[in-house]
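This report examines one protein model, moving from its sheets to its cores and then to single residues. The sequence and structure are shown first.

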Amino acid sequence: MPVLLFLIDTSASMNQRTHLGTTYLDIAKGAVETFMKLRGRDPASRGDRYMLVNFEDVPFGIKAGWKESHATFMTELRNLQATGLTTIGQSLRTAFDLLNLNRLVTGIDNYGQGRNPFFLEPAIIIAITDGNKLTSGGGVQDELHLPLTTPLPGSELTKEPFRWDQRLFALVLRIPGSASVEPEPLGGVPPDDSPITPMCEVTGGRSYSVFSQRMLNQCLESLVQKIQSGVVINFEKTGPDPPPLEGKDMPLFFSVPWHCCHKLIYVRPNPKTGVPIGHWPIPEAFWPDQNSPTLPPRSAHPHVRFSCLDAEPMVIDKVPFDKYELEPSPLTQYILERKSPHTCWQVFVCNSAKYSDLGQPFGYLKASTALNCVNLFVMPYNYPVLLPLLDDLIKVHKFKPTIKWRQSFENYLKTMPPYYIGSKIEYDRLIASIGKKAPPEAGIKVRWRGGGISLAQRRDFIQQLQSLTGEAPSLPMELNPKEFQGFHLALLNKSLKPLSFRNPYDIPRSHLLDQLSRMRRNLLNTSVCSLRGQDSDQLHSVPIAQMGNYQDFLKAAPQPLRDADPEQPKRLHTFGNPFKLDKKGMMIDEADEFVTGPQNKGKRPADNSNMPGGGPKRRRCMSPLLRLGRAYTPPVTPPASPRPMIGKTGRYTDRHCEVQPSSGKKCKLCHPVVVTHIQSKGQCKLLLQLIYH
């Protein structure tokens, strides 16, 4: 469930007007609404949570936090006013503290026990500002400074105020007050040189310098694409450079430094559960000391070093591993250009081992077989030693280890960080459970009482239910009680105990009303569609102010089924009829629309041999009446003898026009004024007004 936090600049400088006639604050509000509309096209936006923070002091700057609804968010967004100072440092700290409010309680950071990429709460902060000087009560500042002190407990365990799954993006509005004569530059949007740009790059984001409304829309579409579930990691090369491959020359553009990379790794959710699943952590940058009263603070982004020595990727059966895709970067491009999908580079975390500065390998970087991406494989710690031991245990010793194997395994455990023990216990339990049937969980046993007649089989009882409720019962007419013999009903709440009261005096006094209500519902409301606790008419009784709150409705709605064929393109949600077709290319009977599709299907082709280039495409006029004095060039028809003209000036007659479309000449006998255009049997009949010359 991504968290999208908007940090809106509400300083007085946001009141300046652009050449569009709107203020910077109005543009910021419109940008937020446009972003939400673009994001709403993705079905994954059902679980999004929106937050709003401005530049006011705490706690007034938090307009919409964890508890506020989507309607409150929209109301607070419309009510923003630009009256304060540009205290962007304090506001950023407030935004990070708001995001980190519940992380210590949920244990998502897992301090001192390794970093689990699958324990994440992805968040994106979108700051919209004008990029002016940073002002505060103490004066004007040239650099961005975030307060170091915070009342949030557990913040001292991380050196930075942000976490590895939180990124900052800034939209710096540079729209001028007068329209520019010079054309807009094509291509991507450049980064801004405001003080917020270094902060964006440190978190794994970037800034955008916006000079027009078109560039703003382009930035918003780019930001929607950057909402990805993942964490940011620092990759850095250790040791010598890789040797050049034989017969392969690396491109010249690799003068770009690829040795150090600060990018995202994608943590894909499980398609069945929608939650990421993993097995192994990224080790800590210190050896944990159980006698130490405190933990050393760690950096927000782990520093992972990779060795360029080619190694063989190791994977054995029945040993799980985690696989994460790297965001495209110069490092991934360099690995893909080497075109070696069968070799890998091992990764390390410094000071993770007890007797080694570099540490032991915990995984490797490897190009995919199709050479379209680079993946990070996270394995057990010091996997080159562990995997051969486990392979011998499974294939050679058949899960009956020898004394020599036990000694080797105990030596490995001495080099493994203690926080991997929990993962090892889970793995041992998994290995031990192979081939064994798991014991069933305790539940309510369904017993069949032979000889008795079920109440559902009594027709008089069903008729009584129908007379009371006026609805058909949801139970089938015929039930075989022997079908449920030996069944167990699963309990969602393990503390729930089955209620088998045969004597009303066995019910506790405090549970009498609840038991009576439960018995009444079981007796009367037998239909599946019946509403518990409210009338059917009250379901549609919603206040007008809440009728447009679709976000809360989508969150309460059940999760849609996954696509049967995920490779098929998704149908975008369109307003109105989603099956409506484009009118372009369709035949229009009336002469009121422009026809662009082929219309000569099944008709005789005209003789265009005399026209250069095959003649122009046939088009229908935009209006049934042409203004006087304009010539009309009808399509070519087979030659025919004209009918005799009858009547005087101003009379109408029917005749075949013999004027060629490409000649541009008028009829020699008359000046045509088209009243209607009828096409029948391959001939073009025109109703003409005759004017003698």
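Strand 9 (residues 230-238) and strand 10 pair in the antiparallel sense, joined by seven bridges. Strands here are DSSP runs of E with at least two residues, helices are runs of H or I with at least four residues, and both are numbered from the N terminus. Two strands count as paired if DSSP finds at least two bridges between them. Across this pair, Asn234 stands opposite His262 in strand 10. The model is a predicted one, in which local features need pLDDT of at least 70 and side-chain atom pairs count only at pLDDT 80 or more, while totals for chains, interfaces and linings use all residues. Residues are numbered from 1 along each chain as its sequence is written, and side-chain values use heavy atoms, with hydrogens and water left out.

**The barrel and the open sheet**

Strand 9 and strand 10 belong to a barrel, which seven strands close in the order 9-10-12-15-14-13-11 with mixed pairing. Its neighbouring strands are turned against each other by 35 degrees on average, direction ignored. For such angles, axes are lines fitted to C-alpha atoms, for helices over the stretch in contact, and angles run from 0 to 180 degrees between N-to-C directions.

Another sheet is open: six strands form it in the order 3-2-1-4-7-8, and its pairing is also mixed. Strand 3 (62-64) and strand 8 (207-210) stand at the edges with a single partner strand each, so one side of each has no neighbour in the sheet. From one strand to the next, the twist averages 20 degrees.

Within the open sheet, strand 4 (residues 123-129) and strand 7 (residues 166-173) are parallel and share seven bridges. In this pair, Ala123 stands opposite Gln166 of strand 7. Strand 7 also runs parallel to strand 8, to which four bridges join it. There, Ala170 has Ser207 in strand 8 as its bridge partner.

In a regular strand, side chains alternate between the two faces of the sheet. In strand 8, Ser207 and Ser209 point one way, Tyr208 and Val210 point the other way, and all are buried. Buried means under 20% relative accessible area, exposed means over 50%, and partly exposed lies in between (1.4 Å probe, protein chains only).

**Helix 2**

Helix 2 (residues 70-78) lies across strand 1, strand 2 and strand 3, at about 30 degrees to strand 2. Which residues of helix 2 are buried? They are His70, Phe73, Met74 and Leu77. Viewed down the helix axis, these buried residues fall within an arc of 95 degrees, so they line one face of helix 2. The arc is that of the directions from the helix axis to the C-beta atoms.

**The nonpolar cores**

A nonpolar core is a set of buried Ala, Val, Leu, Ile, Met, Phe, Trp, Tyr and Cys residues joined through side-chain atoms within 4.5 Å. The largest core has 51 residues, and those touching the most other members are Phe235, Ile265, Phe306, Leu331, Phe362, Leu365 and Leu376. Helix 8 (residues 383-396) gives the largest share of this core, six residues. Domain 1 (3-227) and domain 2 (234-244 + 255-289 + 297-430) both contribute residues, so the core lies between them. The domain bounds come from an automatic or database domain assignment. A second, separate core of 38 residues includes Val210, Leu216, Leu223 and Val224.

**Selected residues**

Contact means heavy atoms within 4.5 Å. His301 lies in the loop between strand 10 (260-266) and strand 11 (303-307). His301 counts as buried, because its relative accessibility is 5%. Not counting residues up to four places away in sequence, the residues that His301 touches include Arg115, Trp164, Asn234 and His262.

Tyr364 is found in strand 14 (residues 363-367) and is buried, with a relative accessible area of 1%. Tyr364 and Ser307 are 57 residues apart in sequence, yet their C-alpha atoms are 9.0 Å apart in space.

The peptide bond from Val58 to Pro59 is cis, with omega near 5 degrees. Pro59 is placed in the loop between strand 2 and strand 3.

Two residues other than glycine with a positive phi are listed below.

| Residue | Phi | Loop | Relative accessible area |
|---|---|---|---|
| Lys318 | near 70 degrees | between strand 11 and strand 12 (322-326) | 42%, partly exposed |
| Asn351 | near 65 degrees | between strand 13 (345-348) and strand 14 | 42%, partly exposed |
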